[in-house]
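Trainee: I would like to go through the packing in this model. Please put it up.

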Amino acid sequence: MTKKLTVGILFGGKSVEHEISIRSAINVVQNMDKDRFEPVLIGIDKKGGWFQNTEVSEHIDTGDALVWYPTSEGHYLKNIETDKELKPDVVFPVLHGTDGEDGSIQGLFQVANLPVVGSGVLGSSVSMDKLFSKRLLKEAGVPTGNFIAFHRYQKDQVNFDDIETQLGLPFIIKPARLGSSVGVSKVNNETEFLSALDETFQYDQVILIEEFIEGRELECAVIGNEEPIASRPGEIVLQKDYDFYTYEAKYLDKDAVSIIVPAEVEDRIVRKIQEFSINAYQSLGCEDFARVDLFLKEDGTVLINEVNTIPGFTNASMFPMLWQDAGITYKDLISRLIDMALLRFNHYSQLKTDFQVGASE
């Protein structure tokens with residue numbers, strides 16, 4: 001019998017999206033192929049402490065404390081309670097937002113020489129930073145909305161009238177490096193603008209101000225590396241009087257939205273969405289999988305909003321639903337993502353890390 005691969009499932013995190021990560025991780029563990037994989041549960045609490053847990057729950061700090069232990073042969077995690085090494089065969093970060101989706105965790109495990117499911121340091125950090133991702137998308141010719149960015153030190157220079165002239169009303173203010181609509185506001189007038197500005201700068205040093213795009217909100221799932229493939233898009237339809245797809249609408253109000261999979265979109269638009277989604281995925285250096293969020297305007301214009309390198313895996317999350325619609329079960333999807341990560345790691349491991357001048361081939 002083939003030995004099971006141990007898969008380190010990272011969840012929680014020092015992030016405003018901590019709770020969403022826990023919900024996603026529960027689903028990943030439940031749907032993992034237990035004949036092939038043995039999940040090892042690694043929770044990170046809101047203070048940044050690491051713990052080995054026996055189940056995925058909000059009670060992360062009740063588990064055994066873990067520390068990173070450097071040696072001459074590499075780095076690994078050590079369980080303080082049992083004094084045992086913890087070095088899974090592959091790591092699956094089910095983390096959203098800061099320190100989990102921005103390249104930080106990916107870099108840590110790269111140094112530890114462990115394969116990680118999902119985009120590496122570059123793809124993760126670039127995709128997480130909405131300012132740099134939009135700049136790269138524009139450079140690559142991928143259509144996206146108009147935007148302006150400001151750093152905290154420029155706060156006194158942010159002028160409502162100038163922004164209205166450039167972007168019109170309403171417009172959107174958001175942190176440059178957060179997800180799940182945390183800290184996002186729709187602005188209709190100067191009073192709302194001043195309040196939103198203060199609110200948004202509480203979450204990030206850099207804010208993005210974007211034109212408000214009137215259109216259908218769609219999402220497209222992408223998986224793969226050398227030849228990535230894209231799903232048919234799904235649609236998010238707000239059912240209540242929300243100004244936009246807020247955190248509350250996403251996670252707290254079960255009646256806020258309808259998720260339509262697949263979206264009712266004509267085939268030529270579907271092909272355009274899939275083409276733009278793959279282009280965005282590759283332009284930002286994504287690996288293994290991602291969810292691409294976009295807008296479809298009434299005239300058929302498609303605009304990429306952002307790329308999420310660790311999309312939600314909850315029961316209401318679009319990413320697994322889109323692949324289920326394409327005939328890939330949740331269990332098979334998890335297996336495919338892990339297999340891609342291991343294959344990619346094997347390819348990277350074959351690269352030379354030593355160079356000697358004049359050495360023969």
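Trainee: Leaving aside neighbours within four places in sequence, which residues is Leu337 in contact with?
Mentor: This is a predicted model, where local features need pLDDT of at least 70, side-chain atom pairs count only at pLDDT 80 or more, and totals for chains, interfaces and linings use all residues. Residues are numbered from 1 along each chain as its sequence is written, and side-chain values use heavy atoms, with hydrogens and water left out. Contact means heavy atoms within 4.5 Å. With those neighbours set aside, the partners of Leu337 are Phe92, Val117, Ile223, Asp288, Phe289 and Phe313.

Trainee: Which element gives the largest share of the largest nonpolar core?
Mentor: Such a core is a set of buried (under 20% relative accessible area, 1.4 Å probe, protein chains only) Ala, Val, Leu, Ile, Met, Phe, Trp, Tyr and Cys residues joined through side-chain atoms within 4.5 Å. This one has 35 residues, and Leu337 is among those that touch the most other members, as are Val28 and Phe313. Helices (H or I, at least four residues) and strands (E, at least two) are DSSP runs, numbered from the N terminus. The largest share, 7 residues, comes from H10.

Trainee: How is H1 oriented relative to H10?
Mentor: Axes are lines fitted to C-alpha atoms, for helices over the stretch in contact, and angles run from 0 to 180 degrees between N-to-C directions. H1 (residues 18–31) and H10 (residues 330–349) pack at about 95 degrees, with axes 9 Å apart. Since 65 to 115 degrees counts as roughly perpendicular, H1 is, relative to H10, roughly perpendicular.

Trainee: Which residues of H1 make that contact?
Mentor: On the H10 side are Tyr330, Lys331 and Ile334. From H1 come Asn27, Val28 and Asn31.

Definitions and conventions
Angles under 35 degrees count as roughly parallel, over 145 as roughly antiparallel, 65 to 115 as roughly perpendicular and the rest as oblique. Buried means under 20% relative accessible area, exposed over 50%, partly exposed in between (1.4 Å probe, protein chains only).
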